[in-house]
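Subject: Structure handover

Hi,

Here is the structure for you to load. My notes on what turned up follow below it.

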Amino acid sequence: LIKMTIGWHFDNTYSKLSNTFKENIKPTPVHDPELVILNEELASTLNLDFSKTDKKKLAEIFSGNSIPEETNTIAQAYAGHQFGHFTMLGDGRAVLLGEHLVNNDNRFDIQFKGSGRTSFSRGGDGRAALGPMLREYIISEAIHSLNIPTTRSLAVVKTGEKVVRENLLQGAILTRVASSHLRVGTFQYIAATQNIENLNTLVDYTINRHYPEIKKSNSKASDLLNLVMEKQCQLVVNWMRVGFIHGVMNTDNMAISGETIDYGPCAFMDHYDPKTVFSSIDKFGRYAFSNQPPITKWNLARFAECLIPLIDKNEDTAIKLATDLIDNFQNIYEDKWLNMMRDKLGLFGEDKNDKKLINDLFNWMEKNKADYTNTFCNLMDINSDEIYKNNDFINWKNEWKKRSELNNSTKEKQSKLMKSNNPIVIPRNHKVEEALAEADKGSLDKMKKLLAILKNPYDNQNNIEEYQTPAPSSNEKYQTFCGT
């Protein structure tokens, strides 16, 4: 009956793989579920209609107390390098309901996060707290609106139960939507079992699902590595474009689809500092803003290691091929990064001094603690803070204008290019915290207002000054936490 009114269309290919890949498990029912938020816009792109379903029933569905028919609930197995250390992991607090089909060919994983213990929980309670789940909802939707590939959030439900962290917190479950949950860590897990048949199965499954264009290739494994590298390069260039810091770039948080996944201690940079780290557990800055590209390369090297047996029968040949591919990361990344920065500055074509022009700007921003987002807004005549009346900045601007005159293009085109690459508003950390604090007390007004503004990050909206201003400076360093 639910299916008829809502429109679920489950087809579960991953659950048909052998038990090495997963554990069959149901979400643990919760005491008193209550719907906090439902993403209507995402629901309609998934061809789902919740309008005829009352809130109580929705809470039952999104808490796992009442599971749609045709689902086949599993916890996925994967491993991961967490801060460089290898661990066998798996979904310790997540359950995949299945794959929902849209128009018969677009396939989306529907996953609960915080839905109870699995055999991968390693002593954890399998639960999640309201704050981190709402944070993931806000930031993943913001990243989506910034035109960056990402998993998305369909709903958050309070469980009516407390979870024990440093103190007692309200329990919650997030429903996450992804083009899949295949990770570099999935390959690491299967590679660690040293079963070549399973590894072949996983490669074929991944290619069918995400890269069907190489199905008939004679060098599937190296083609897959190449395509994933290209996607990840593009993804990180996009993060760098908007000043996003992921915070936990472990190999189990790198999706093979090229989507941003896992919004734990993530945050956006205010004043420009390449060493910015927000995560409370990142003591050495492994996942700092400027480290994101090298870490991406490091993670891809771990992915390459998994594929060695399939790249070539001769191990030495395979290692050489994989190494050459990974070594090319730098070139691909630098090209993409340079072009992205040209777009941010509205520069067409190439000039030999472009790199210097860009680096001079970054040096000025770092030295003067200029806000990353607002500096580019200033170049679009949107922000006129005092800091931009600085002589060095004015001199730099004159150099930039000279370079802009080399554009084979109109001022309108330059302006249009800049407007589509430079957000005017981002999820400012202090605004996110304000919204979460209110939500914890039971009011969603601030969160809904924030979400509405973040929906159109490239538009110059009215009355959004408070959302454009960095946090007031304080001696306390802003920190975010994993939530596990």
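Partly exposed means a relative accessible area between the two cut-offs: under 20% is buried and over 50% is exposed. Keep that in mind for what follows. The model is predicted.

**Positive phi outside glycine**

Glutamate 70 fits the middle class: its relative accessible area is 40%, so it counts as partly exposed. Its phi is positive, near 70°, and it is not a glycine. Glutamate 70 lies in the loop between helix H3 (55-63) and strand E3 (74-76).

Asparagine 147 is another non-glycine residue with a positive phi, about 65°. Its loop runs between helix H4 (130-145) and strand E9. Is asparagine 147 buried or exposed? Exposed, because its relative accessible area is 55%, and the cut-off for that class is over 50%.

**Strands E2, E9 and E10**

E9 covers residues 152-164 and pairs with strand E2 (residues 34-38). The two run antiparallel, with four bridges between them. Strand E10 (residues 168-178) is also antiparallel to E9, and nine bridges join that pair. How many residues does the hairpin from E9 to E10 pass through? Three.

Lysine 158 is a handy place to look. In E9, lysine 158 is the bridge partner of glutamate 34. Lysine 158 also has a bridge partner in E10, alanine 172.

**Nonpolar cores**

The largest nonpolar core has 120 residues. Val156, Phe187 and Trp337 have the most contacts inside it. Which helix gives the most to this core? Helix H7 (residues 220-242), with 12 residues. Apart from this core lies another, of 24 residues. Ile6, Ala43, Leu46 and Ile110 are among its members.

Phenylalanine 187 is worth a closer look. Leaving aside neighbours within four places in sequence, its contacts are Leu199, Leu202, Val203, Thr206, Leu224, Ile256, Phe303, Cys306 and Leu307.

**Helices H9 and H10**

H9 takes in residues 315-327, which is 13 residues. At 1.5 Å a residue it should span 18 Å, and its end C-alpha atoms are 18 Å apart, so the two agree. Its buried residues are Ala318, Ala322, Leu325 and Ile326. They sit on the same side of H9, because they cover an arc of only 95° around the axis. What covers them includes H7, helix H8 (292-311) and helix H10 (329-344).

H10 has 16 residues. From first C-alpha to last it reaches 22 Å, close to the 22 Å expected at 1.5 Å a residue. Its buried residues are Phe329, Ile332, Tyr333, Lys336, Trp337, Leu338, Met340, Met341, Arg342 and Lys344. Lysine and arginine side chains are on that list, including Lys336 and Arg342. Glycine 346 follows H10, with a positive phi near 65°.

**Glutamine 414**

Glutamine 414 is in helix H14 (residues 411-421). Its relative accessible area is 8%, so it is buried. What does glutamine 414 touch, not counting residues up to four places away in sequence? Leu345, Gly346, Phe348, Trp400, Ser404 and Asn407. Gly346 is the glycine that follows H10.

**Proline 265**

Proline 265 is in the loop between strand E11 (244-245) and strand E12 (267-268). A relative accessible area of 1% makes it buried. Phenylalanine 278 is 13 residues away along the chain, yet the two C-alpha atoms are separated by 6.9 Å.

**Cysteines**

How many disulfides does the structure hold? Zero. Take cysteine 233 as the example. The closest cysteine sulfur to its own is in cysteine 306, 19 Å away, and that is too far for a bond. The cut-off for a disulfide is 2.5 Å between sulfurs. Cysteine 306 came up earlier, among the contacts of phenylalanine 187.

Cysteine 233 has 0% relative accessibility, so it counts as buried. Cysteine 266 is buried too, at 1%.

Over to you.

Conventions: Residues numbered from 1 in each chain as written. Predicted model: local features only at pLDDT ≥ 70, side-chain atom pairs only at ≥ 80, totals over all residues. Heavy atoms only, no water. Buried < 20%, exposed > 50% of the residue type's maximum accessible area, 1.4 Å probe, protein only. Pairing = 2+ DSSP bridges. Core = buried A, V, L, I, M, F, W, Y, C linked by side-chain atoms within 4.5 Å. Contact = heavy atoms within 4.5 Å. Expected span 1.5 Å × (residues − 1). Arc of directions from axis to C-beta.
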